[in-house]
Amino acid sequence: MATILNIETATDVCSVCLSQDGENKFTNADYKGHNHATKLSVFVKDALDYAKQCEMKLDAVAVSVGPGSYTGLRIGLSEAKGLCFGLDVPLIGVDTLKILSVTTMFSKNVGPDELFVPMIDARRMEVFTGVYDLALNEVMPNQPMIIDENSFSELLSKHKMLFMGNGADKVAEVIKHENAEFVFGVQLNAVDMIALSEKAFREQDFLDLAYSTPKYLKKFQATTPKKSVLGL
């Protein structure tokens, strides 16, 4: 187990969590939106001060790497890289869509065959999404999509699917299948990164500080999203 500083800035929420041995020890978050540049460094300093006070040695820094907003991800990754260089600790990248899935997983009673469909809003009826099972295995790879009433039809015919994230609200108006359940109000928080960052640390799954980049939504809007073979 390890002491990890978790940073999440992929959407309007800015949050930081200090975890040790898989437990949340210190956290702070701002839900007002667009305050990453002013809030993140303060949250990080408070977390590091807490670690010093409790004589906790930081083993790694984990950061949400998207998909998400350009500004938020850039600020989060820059802060994380600076900490890793300065403290000589490894950098862990955590997929934003998996964080959304974990948030929902811990807040609901989920059946073994149910699937998670986290969604980050892009524009119009576009989202960035993927599909995961209960073990967070990819059932459908992460990809940009244009949503219509037939989206996910093949999977929905066989599984109950939980849709969540800031892209799910508009999708609820289009997808009306009986196996589609929309979990509203799910917001990203660094606390929900703990299990994922701990797993990455155990497996020594670290990012290259020099070449790591986040998955910006802007990058995927440059081309028209392709329709999935799974009913899209």
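**Exercise 1. Find which residue of β4 is the bridge partner of I7, then place β4 among its neighbouring strands.**

Step 1. Look up I7: its bridge partner in β4 is V63. Helices (H or I, at least four residues) and strands (E, at least two) are DSSP runs, numbered from the N terminus.

A word on the model before we go on. It is predicted, so local features need pLDDT of at least 70 and side-chain atom pairs count only at pLDDT 80 or more, while totals for chains, interfaces and linings use all residues. Residues are numbered from 1 along each chain as its sequence is written, and side-chain values use heavy atoms, with hydrogens and water left out.

Step 2. Strand β1 (residues 3–8) pairs with β4 in the parallel sense over four bridges; two strands pair if DSSP finds at least two bridges between them.

Step 3. Now turn to β5: β4 pairs with β5 in the parallel sense, over four bridges. Here A62 has I92 as its bridge partner. From β4 the chain crosses through helix α2 (residues 70–87) to β5, a right-handed β-α-β crossover (with the strands pointing away from the viewer, the path from the first strand over the helix to the second runs clockwise).

**Exercise 2. Decide whether the two faces of β4 are buried or exposed.**

Step 1. Recall the cut-offs: buried means under 20% relative accessible area, exposed over 50%, partly exposed in between (1.4 Å probe, protein chains only).

Step 2. Check each side. A60, A62 and S64 on one face are buried, and so are V61 and V63 on the other.

Step 3. Conclude: five of the five residues of β4 are buried, so the strand is largely enclosed by the rest of the structure.

**Exercise 3. Work out which residues of α1 are buried and which exposed residues its opposite face carries.**

Step 1. Helix α1 spans residues 36–53. Its buried residues are H36, L40, F43, V44, A47 and A51.

Step 2. These cover an arc of only 100 degrees around the axis, which puts them on the same side of α1; the arc is that of the directions from the helix axis to the C-beta atoms. A handy rule: an α-helix has 3.6 residues a turn, so residues three or four places apart point the same way.

Step 3. Turn to the face away from the buried side, and you find the exposed residues T38, K45, K52 and Q53.

Step 4. Among the elements covering the buried residues of α1 are β1, β2 (14–20), β3 (23–30) and α2.

Terms used
The expected span of a helix is 1.5 Å times one less than its number of residues. Contact means heavy atoms within 4.5 Å.
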